[in-house]
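Please keep the sequence and the 3D structure open while you work through the exercises below. Try each task yourself before you read its solution.

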Amino acid sequence: MDAAAQQVISPDEVADRVDARHWRVLLYRLEAAFRTPDLVAATELAARVAAAAAPLGAVPDVGLRPHRVHVRTTTPGRFGVTETDLALAGAVSRAADELGLAGDPASLTTQEVAIDALDAAAVLPFWQALLGYVRPEGLDPAFHVLADPHGTGPGYWFQDMDAPRPQRNRIHVDVTVPHDQADARIAAALAAGGRVVRDAEAPAFLVLADPEGNEACVCAAPPPTAG
């Protein structure tokens, strides 16, 4: 595809253009999960994903389990979803339909560890060395993010504080879920003893804390906007 086709597409537009039975935008990636009856069916779908990706130049991450196939795609160097990823998503949805496999978007989730720092740029190199992580290509240098080069561990991001917060934890977990699963996930956490710390930005994200004050954000990926 040409350069214009490699421009990052907004999450709202992506959500409108993919098959909602299968796909959700989580952070900067497009993800889908499919239920499979056995490893043979799962392997067949994974093979179809690979066959569809090759001519497009797409580089999906495919998680294969006996009863589930997880597909995640983003365009290298773009830190977001492009026409290449949308084309792959369409091909994968068609393959799943041909194989009679149902989507399972409710199972999708992405974790991220957030670290508050007075100087994020100074803190990041320590964590990069400690974790063996890399800085994603195509990302604004002012955005302090680390990613697992093997695509298995959670992402880390570093946010600057205006002032020290000695009475609050400075590391928290971000849990990103599809927009239609956020309320249920929040309700479950509250029922398990959690409390709301901040909801001013809801439904984009809501800060919860466990009974001892350890914090986590439940982040809702954007819903489709088309009628």
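What follows is a set of exercises, each with a worked solution.

The model is predicted, so local features are taken only where pLDDT is at least 70 and side-chain atom pairs only at pLDDT 80 or more, whereas totals for chains, interfaces and linings use all residues. Residues are numbered from 1 along each chain as its sequence is written, and side-chain values use heavy atoms, with hydrogens and water left out.

**Exercise 1. Helix 2**

Task: Describe the span of helix 2, find which of its residues are buried, and state what covers them.

Solution. Begin with the extent of the element, remembering that helices (H or I, at least four residues) and strands (E, at least two) are DSSP runs, numbered from the N terminus. Helix 2 covers residues 39-56, which makes 18 residues, and its first and last C-alpha atoms are 26 Å apart, close to the 26 Å expected at 1.5 Å a residue; the expected span is 1.5 Å times one less than the number of residues.

Next, sort the residues by accessibility, where buried means under 20% relative accessible area, exposed over 50%, and partly exposed in between (1.4 Å probe, protein chains only). The buried residues of helix 2 are Ala41, Ala42, Leu45, Ala46, Val49, Ala52 and Ala53. They lie on the same side of helix 2 because they cover an arc of only 135° around the axis, the arc being that of the directions from the helix axis to the C-beta atoms. An α-helix has 3.6 residues a turn, so residues three or four places apart point the same way. On the face turned away from the buried side of helix 2 are the exposed residues Val40, Ala51, Ala54 and Pro55.

Then ask what lies over the buried side, using contact in the sense of heavy atoms within 4.5 Å. The cover of these buried residues includes strand 2 (29-35), strand 3 (61-65), strand 4 (68-73) and helix 3 (83-98).

Finally, look at the two ends. At the start of helix 2, a side-chain oxygen of aspartate 38 comes to within 3.2 Å of the backbone nitrogen of valine 40, and after the helix comes glycine 57, with a positive phi near 75°.

**Exercise 2. Helix 4**

Task: Repeat the analysis for helix 4, beginning with its number of residues.

Solution. Helix 4 (residues 120-131) has 12 residues, and the distance from its first C-alpha to its last is 16 Å, close to the expected 16 Å. Its buried residues are Ala120, Leu124 and Trp127. Seen down the axis of helix 4, these fall within an arc of 75°, so they line one face of the helix. The exposed residues Ala122, Phe126, Ala129 and Leu130 are carried by the face turned away from that buried side. Among the elements covering the buried residues of helix 4 are strand 5, strand 6, strand 7 and strand 8. Helix 4 is followed by glycine 132, whose phi is positive, near 70°.

**Exercise 3. Two loop residues**

Task: Decide whether histidine 22 is buried or exposed, and do likewise for threonine 74.

Solution. Histidine 22 sits in the loop between helix 1 (11-17) and strand 1 (23-26), and it counts as buried because its relative accessibility is 1%. Beyond residues up to four places away in sequence, histidine 22 touches several residues, including Glu31, Phe34, Ser93 and Leu108. Its side chain makes a polar contact with the side chain of serine 93 at 2.8 Å.

Threonine 74 lies in the loop between strand 4 and helix 3, and with a relative accessible area of 19% it is buried. A polar atom of its side chain lies 3.3 Å from the backbone oxygen of tyrosine 28. A polar contact is a pair of N or O atoms within 3.5 Å; within protein, one must be able to donate a hydrogen and the other to accept it, and residues adjacent in sequence count only if both atoms are side-chain atoms.

**Exercise 4. Backbone geometry**

Task: State what is notable about the phi of leucine 27 and the peptide bond from alanine 202 to proline 203.

Solution. Most residues other than glycine have a negative phi, and most peptide bonds are trans. Leucine 27, in the loop between strand 1 and strand 2, has a positive phi near 55°, and at 32% relative accessibility it counts as partly exposed. The peptide bond from alanine 202 to proline 203 is cis, with omega near 5°, and proline 203 lies in the loop between strand 9 (195-198) and strand 10 (205-209).
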